[in-house]
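This report describes one protein chain, from its overall make-up to its strand pairing and its main pocket.

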Amino acid sequence: MIKFLLYLSLSLAAVCNAYSLDLFGYQLHSDIYQYAGDGEIIYNKKDIDSIELAEDRVLTPNKYLTKYIIKSTVAGNIYEIHGSNNKLSMSPVECLGIQEIFLKLFEEKNSDLFLIEKKRLPINLKSKITWDIHLTNKKENDNFIFSVTCDYSFNNRRMDIILSDQEFRVRENKNFNELQETKNEKTNQSKIDTSGI
(Lines give C-alpha, C1' and ligand atoms only; values in the text may rest on other atoms or scores of the structure.)
Protein backbone atom coordinates (compact mmCIF):
# COMPACT_ATOMS: atom_id res chain seq x y z
CA MET A 1 0.00 0.00 0.00
CA ILE A 2 2.85 2.43 0.86
CA LYS A 3 4.56 1.63 -2.47
CA PHE A 4 1.30 2.28 -4.29
CA LEU A 5 0.81 5.66 -2.58
CA LEU A 6 4.42 6.66 -3.32
CA TYR A 7 4.00 5.65 -6.97
CA LEU A 8 0.70 7.52 -7.11
CA SER A 9 2.25 10.67 -5.62
CA LEU A 10 5.09 10.60 -8.14
CA SER A 11 2.80 10.00 -11.10
CA LEU A 12 0.44 12.76 -9.99
CA ALA A 13 3.37 15.15 -9.50
CA ALA A 14 3.52 15.49 -13.27
CA VAL A 15 0.15 17.23 -13.19
CA CYS A 16 1.62 20.30 -11.52
CA ASN A 17 4.79 21.40 -13.30
CA ALA A 18 7.57 23.54 -11.88
CA TYR A 19 5.52 26.67 -12.46
CA SER A 20 2.61 27.28 -10.15
CA LEU A 21 0.32 28.28 -13.00
CA ASP A 22 0.87 25.11 -15.03
CA LEU A 23 -1.27 22.06 -15.49
CA PHE A 24 -0.45 19.12 -17.78
CA GLY A 25 2.49 21.16 -19.12
CA TYR A 26 0.36 24.15 -20.23
CA GLN A 27 0.79 27.54 -18.61
CA LEU A 28 -2.04 29.95 -17.91
CA HIS A 29 -1.79 33.26 -19.80
CA SER A 30 0.47 31.77 -22.50
CA ASP A 31 -0.25 31.99 -26.25
CA ILE A 32 -2.75 29.30 -27.32
CA TYR A 33 -1.70 29.56 -30.99
CA GLN A 34 1.53 27.68 -30.26
CA TYR A 35 -0.66 24.57 -29.75
CA ALA A 36 -2.84 25.05 -32.85
CA GLY A 37 -1.42 21.91 -34.48
CA ASP A 38 -1.96 19.73 -31.40
CA GLY A 39 -5.67 19.02 -31.66
CA GLU A 40 -9.13 20.01 -32.83
CA ILE A 41 -9.67 23.77 -32.80
CA ILE A 42 -13.03 25.30 -31.95
CA TYR A 43 -13.30 28.84 -33.28
CA ASN A 44 -15.25 31.85 -32.06
CA LYS A 45 -15.66 33.72 -35.34
CA LYS A 46 -12.03 33.80 -36.54
CA ASP A 47 -10.35 33.49 -33.13
CA ILE A 48 -9.52 30.27 -31.29
CA ASP A 49 -12.04 29.62 -28.52
CA SER A 50 -10.52 26.31 -27.37
CA ILE A 51 -8.40 23.38 -28.47
CA GLU A 52 -9.32 19.79 -27.66
CA LEU A 53 -5.85 18.30 -27.57
CA ALA A 54 -5.08 14.97 -29.23
CA GLU A 55 -4.25 12.53 -26.44
CA ASP A 56 -0.83 11.70 -27.90
CA ARG A 57 0.05 15.43 -28.19
CA VAL A 58 -0.59 16.40 -24.54
CA LEU A 59 2.64 17.77 -23.05
CA THR A 60 2.30 16.03 -19.65
CA PRO A 61 -0.62 13.58 -19.76
CA ASN A 62 -2.02 11.86 -16.70
CA LYS A 63 -3.01 8.20 -16.81
CA TYR A 64 -6.36 8.89 -15.12
CA LEU A 65 -7.52 11.35 -17.79
CA THR A 66 -8.52 10.87 -21.42
CA LYS A 67 -9.57 14.33 -22.65
CA TYR A 68 -7.68 17.62 -22.43
CA ILE A 69 -8.95 21.07 -23.41
CA ILE A 70 -7.24 24.47 -23.28
CA LYS A 71 -9.44 27.57 -23.52
CA SER A 72 -8.52 31.00 -24.84
CA THR A 73 -9.41 34.63 -24.35
CA VAL A 74 -10.28 36.57 -27.52
CA ALA A 75 -6.70 37.87 -27.48
CA GLY A 76 -5.39 34.30 -27.80
CA ASN A 77 -4.11 33.64 -24.26
CA ILE A 78 -4.92 30.55 -22.21
CA TYR A 79 -7.26 31.16 -19.26
CA GLU A 80 -8.31 27.55 -18.53
CA ILE A 81 -6.72 24.10 -18.69
CA HIS A 82 -9.10 21.16 -18.29
CA GLY A 83 -8.46 17.43 -18.08
CA SER A 84 -11.27 14.91 -17.77
CA ASN A 85 -12.26 11.28 -18.00
CA ASN A 86 -15.93 10.50 -18.65
CA LYS A 87 -15.44 6.72 -18.54
CA LEU A 88 -13.71 6.39 -15.21
CA SER A 89 -13.19 2.74 -14.26
CA MET A 90 -11.91 3.25 -10.71
CA SER A 91 -14.04 2.84 -7.61
CA PRO A 92 -15.40 5.84 -5.67
CA VAL A 93 -12.89 5.20 -2.87
CA GLU A 94 -9.98 5.23 -5.35
CA CYS A 95 -11.27 8.39 -7.00
CA LEU A 96 -11.57 10.23 -3.69
CA GLY A 97 -8.09 9.05 -2.66
CA ILE A 98 -6.59 10.36 -5.89
CA GLN A 99 -8.55 13.61 -5.53
CA GLU A 100 -7.07 14.10 -2.06
CA ILE A 101 -3.51 13.52 -3.32
CA PHE A 102 -3.99 15.96 -6.22
CA LEU A 103 -5.26 18.66 -3.88
CA LYS A 104 -2.54 18.12 -1.29
CA LEU A 105 0.23 18.16 -3.89
CA PHE A 106 -1.08 21.31 -5.58
CA GLU A 107 -1.55 23.06 -2.23
CA GLU A 108 1.97 22.20 -1.03
CA LYS A 109 3.53 23.23 -4.34
CA ASN A 110 1.92 26.67 -4.34
CA SER A 111 1.73 27.69 -0.69
CA ASP A 112 4.92 29.81 -0.91
CA LEU A 113 3.61 31.98 -3.76
CA PHE A 114 -0.11 32.13 -3.03
CA LEU A 115 -2.60 32.55 -0.25
CA ILE A 116 -4.61 29.34 -0.38
CA GLU A 117 -8.19 28.64 0.56
CA LYS A 118 -9.56 25.14 0.13
CA LYS A 119 -13.34 24.77 -0.32
CA ARG A 120 -15.71 21.90 -0.96
CA LEU A 121 -18.47 22.97 -3.30
CA PRO A 122 -21.91 22.74 -1.66
CA ILE A 123 -23.44 20.35 -4.18
CA ASN A 124 -26.31 18.27 -2.82
CA LEU A 125 -25.20 15.07 -4.53
CA LYS A 126 -23.61 12.39 -2.40
CA SER A 127 -22.09 10.87 -5.53
CA LYS A 128 -20.36 14.04 -6.76
CA ILE A 129 -17.65 15.74 -4.76
CA THR A 130 -15.80 18.84 -5.97
CA TRP A 131 -12.98 20.52 -4.08
CA ASP A 132 -11.59 23.88 -5.15
CA ILE A 133 -8.32 25.46 -4.16
CA HIS A 134 -8.54 29.25 -4.51
CA LEU A 135 -5.13 30.81 -5.00
CA THR A 136 -4.52 34.53 -4.51
CA ASN A 137 -1.21 35.93 -5.68
CA LYS A 138 0.35 37.63 -2.66
CA LYS A 139 1.98 40.40 -4.73
CA GLU A 140 -0.37 41.08 -7.63
CA ASN A 141 -3.74 40.08 -6.14
CA ASP A 142 -4.51 37.69 -9.00
CA ASN A 143 -6.96 34.86 -8.30
CA PHE A 144 -6.79 31.34 -9.70
CA ILE A 145 -8.85 28.22 -9.06
CA PHE A 146 -7.61 24.63 -9.11
CA SER A 147 -10.57 22.25 -9.05
CA VAL A 148 -10.85 18.46 -8.79
CA THR A 149 -14.20 16.67 -9.19
CA CYS A 150 -15.02 13.03 -8.55
CA ASP A 151 -18.42 12.10 -9.94
CA TYR A 152 -19.13 8.45 -9.25
CA SER A 153 -22.87 8.30 -9.75
CA PHE A 154 -24.21 5.08 -11.30
CA ASN A 155 -24.45 6.36 -14.87
CA ASN A 156 -21.68 8.93 -14.81
CA ARG A 157 -18.26 7.90 -13.52
CA ARG A 158 -16.15 10.98 -14.18
CA MET A 159 -13.12 12.93 -13.00
CA ASP A 160 -12.36 16.55 -13.87
CA ILE A 161 -9.24 18.55 -13.06
CA ILE A 162 -9.25 22.25 -13.95
CA LEU A 163 -6.92 25.21 -13.50
CA SER A 164 -8.53 28.52 -14.44
CA ASP A 165 -8.26 32.28 -14.18
CA GLN A 166 -11.73 33.64 -14.96
CA GLU A 167 -10.82 37.16 -13.86
CA PHE A 168 -8.02 37.18 -16.46
CA ARG A 169 -10.51 36.06 -19.14
CA VAL A 170 -12.96 38.85 -18.31
CA ARG A 171 -10.20 41.47 -18.10
CA GLU A 172 -8.49 40.36 -21.34
CA ASN A 173 -11.74 40.17 -23.31
CA LYS A 174 -12.82 43.61 -22.09
CA ASN A 175 -9.46 45.18 -22.98
CA PHE A 176 -9.42 43.48 -26.37
CA ASN A 177 -12.98 44.59 -27.20
CA GLU A 178 -12.24 48.18 -26.14
CA LEU A 179 -9.12 48.19 -28.31
CA GLN A 180 -11.13 46.86 -31.28
CA GLU A 181 -13.80 49.56 -30.79
CA THR A 182 -11.14 52.30 -30.72
CA LYS A 183 -9.55 50.86 -33.85
CA ASN A 184 -12.94 50.72 -35.64
CA GLU A 185 -13.71 54.32 -34.66
CA LYS A 186 -10.38 55.49 -36.11
CA THR A 187 -11.03 53.51 -39.30
CA ASN A 188 -14.52 55.06 -39.64
CA GLN A 189 -13.11 58.56 -39.07
CA SER A 190 -10.49 58.05 -41.77
CA LYS A 191 -13.25 57.19 -44.29
CA ILE A 192 -15.04 60.53 -43.80
CA ASP A 193 -14.41 62.93 -46.66
CA THR A 194 -13.08 66.09 -45.05
CA SER A 195 -11.79 67.72 -48.25
CA GLY A 196 -12.70 71.38 -48.62
CA ILE A 197 -12.99 71.94 -44.89
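The text below treats the fold first, then the paired strands, one lysine and the largest pocket.

## Overall make-up

The model is predicted. The protein contains 3 helices and 10 strands. Read from the N terminus, its elements follow the order α-β-β-β-β-β-β-α-β-β-β-β-α. Of the 197 residues in the protein, 40% are buried. Contacts between residues at least 6 apart in sequence include 53% that join residues at least 24 apart. The accessible surface of the protein is about 12,000 Å², and carbon and sulfur atoms account for 51% of that surface.

## Strand pairing

A run of antiparallel pairings links β4 to β5, β5 to β6, β6 to β10 and β10 to β9, as the table sets out.

| Strand pair | Sense | Bridges | Partner residues |
|---|---|---|---|
| β4 and β5 | antiparallel | 4 bridges | Isoleucine 51 and isoleucine 70 |
| β5 and β6 | antiparallel | 6 bridges | Isoleucine 70 and isoleucine 81 |
| β6 and β10 | antiparallel | 6 bridges | Isoleucine 81 and leucine 163 |
| β9 and β10 | antiparallel | 9 bridges | Serine 147 and isoleucine 162 |

The partner residues can be followed from strand to strand. Isoleucine 51 is the bridge partner of isoleucine 70 in β5. Isoleucine 70 in turn stands opposite isoleucine 81 in β6, and isoleucine 81 stands opposite leucine 163 in β10. On the β9 side of β10, serine 147 has isoleucine 162 as its bridge partner.

Two of these pairings are hairpins. Between β5 (residues 67–72) and β6 (residues 78–85) the hairpin has 5 residues, and glycine 76 in the turn has a positive phi of about 95 degrees. The hairpin from β9 to β10 passes through 2 residues; β9 covers residues 143–153.

Is strand β10 largely enclosed or open to the outside? Strand β10 (residues 156–164) has 7 buried residues out of 9, so it is largely enclosed by the rest of the structure. Buried here means under 20% relative accessible area.

## Lysine 67

Lysine 67 is part of strand β5. Its relative accessible area is 31%, so lysine 67 counts as partly exposed, a class that falls between the buried limit of 20% and the exposed limit of 50%. Leaving aside residues up to four places away in sequence, lysine 67 touches Glu52, His82, Gly83 and Ser84. Lysine 67 and asparagine 86 are separated by 19 residues in sequence, and their C-alpha atoms are 8.4 Å apart.

## The largest pocket

Which residues are closest to the centre of the largest pocket? The volume of this pocket is about 270 Å³. It is lined by 14 residues, and those closest to its centre are Asn44, Lys45, Asp47, Val74 and Phe176. Two elements, β4 (47–53) and α3 (166–191), each give two or more residues to the lining. The largest contribution comes from α3, with 4 residues. By type, the lining divides into 4 nonpolar, 5 polar and 5 charged residues.

Strand β4 thus appears in two settings: it pairs with β5 through 4 bridges, and it gives residues to the lining of the largest pocket.

Definitions and conventions: Residues numbered from 1 in each chain as written. Predicted model: local features only at pLDDT ≥ 70, side-chain atom pairs only at ≥ 80, totals over all residues. Heavy atoms only, no water. 1 Å grid on protein atoms, 1.4 Å probe; cavity = no way out; pocket = protein on both sides within 12 Å on 5 of 7 lines; lining within 4 Å. Points joined across faces, edges and corners; volume = space filled by probe spheres on them. Nonpolar A, V, L, I, M, F, W, Y, C, P; charged D, E, K, R; others polar. Pairing = 2+ DSSP bridges. Buried < 20%, exposed > 50% of the residue type's maximum accessible area, 1.4 Å probe, protein only. Contact = heavy atoms within 4.5 Å. Areas by Shrake-Rupley, 256 points an atom, 1.4 Å probe, with all protein chains shown as cover.
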